[in-house]
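Here is a short tour of the pockets and a small sheet, for anyone thinking about where empty space lies. Have the model open as you read along.

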Amino acid sequence: MSVDVKYSTQATANGGRDGRAQTQDGSLDVKLSTPKELGGAGGAGNNPEQLFAAGYAACFLGAMKFVGGQEKIAVPADTTVTAKVGIGPRSEGGFGITADLTITLPGLDKETAETLVEKAHQVCPYSNATRGNVDVGLTIA
């Protein structure tokens, strides 16, 4: 499948999970630290799973707004998406991640909310990138 790229960005990491990551334009510059659960010291800094969770949550909300515009569904201003990302060893070897999205759509009826979330899951770039590789759960709160 080809993608007609309209925007691209670049980030560089050094030092691995206990280093730094920053975008080429300098707008994002984060200290990285390995969580204690993965054998690290924990402490100040973020980890790739947190960054992925933030990106997926924001992207999925954007996808819901896109679908809402196409389907004439008003996405409430106080809508939230919370992404929970897990990491651990895979039974096949190596490591894998999981993602669970909890979506709140205050004021939307259940059927409309379900339709919006399912259609957003089909157009969201993160959902498309993870489909078939990452177990993604969708919960409407």
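## The largest pocket

In this predicted model, the largest pocket holds about 340 Å³ of space. Its lining is made up of T9, A11, A21, Q22, T23, L28, P48, E49, L51, F52 and Y126. By class, that gives seven nonpolar, three polar and one charged residues.

Where does the lining come from? Helix α1 (48-71) and strand β2 each supply at least two residues, and α1 has the largest share, with four residues. Both domain 1 (1-46) and domain 2 (48-140) contribute at least three residues each.

## The second largest pocket

Next comes a pocket with a volume of about 170 Å³. You will find P35, E37, L38, N47, E49, Q50, A53, V85, G86 and I87 around it, which divide into five nonpolar, three polar and two charged residues.

Here α1 and β4 (80-89) each provide at least two lining residues. Domain 1 (1-46) and domain 2 (48-140) again each give at least three.

## The three-stranded sheet

Strand β2, which helps line the largest pocket, also belongs to an open antiparallel sheet of three strands, ordered β1-β2-β3. The edge positions go to β1 (11-14) and β3 (29-31); each has a single partner strand, so one side of each lacks a neighbour in the sheet. On average, neighbouring strands are turned by 10° against each other, direction ignored.

Four bridges link β1 with the antiparallel β2 (residues 20-23). Within this pairing, A13 sits opposite A21 of β2, and A21 is also one of the residues lining the largest pocket.

Technical notes: Residues are numbered from 1 along each chain as its sequence is written. This is a predicted model: local features need pLDDT of at least 70, side-chain atom pairs count only at pLDDT 80 or more; totals for chains, interfaces and linings use all residues. Side-chain values use heavy atoms; hydrogens and water are left out. Two strands pair if DSSP finds at least two bridges between them. Axes are lines fitted to C-alpha atoms, for helices over the stretch in contact, and angles run from 0 to 180 degrees between N-to-C directions. On a 1 Å grid over the protein atoms alone, a cavity is a set of points where a 1.4 Å probe fits but cannot get out, and a pocket is an open set with protein on both sides within 12 Å along at least five of seven lines; lining residues have an atom within 4 Å of a point. Grid points are joined across faces, edges and corners, and a volume is the space filled by probe spheres set on the points. Ala, Val, Leu, Ile, Met, Phe, Trp, Tyr, Cys and Pro count as nonpolar, Asp, Glu, Lys and Arg as charged, and the others, Gly among them, as polar. Domain bounds come from an automatic or database domain assignment.
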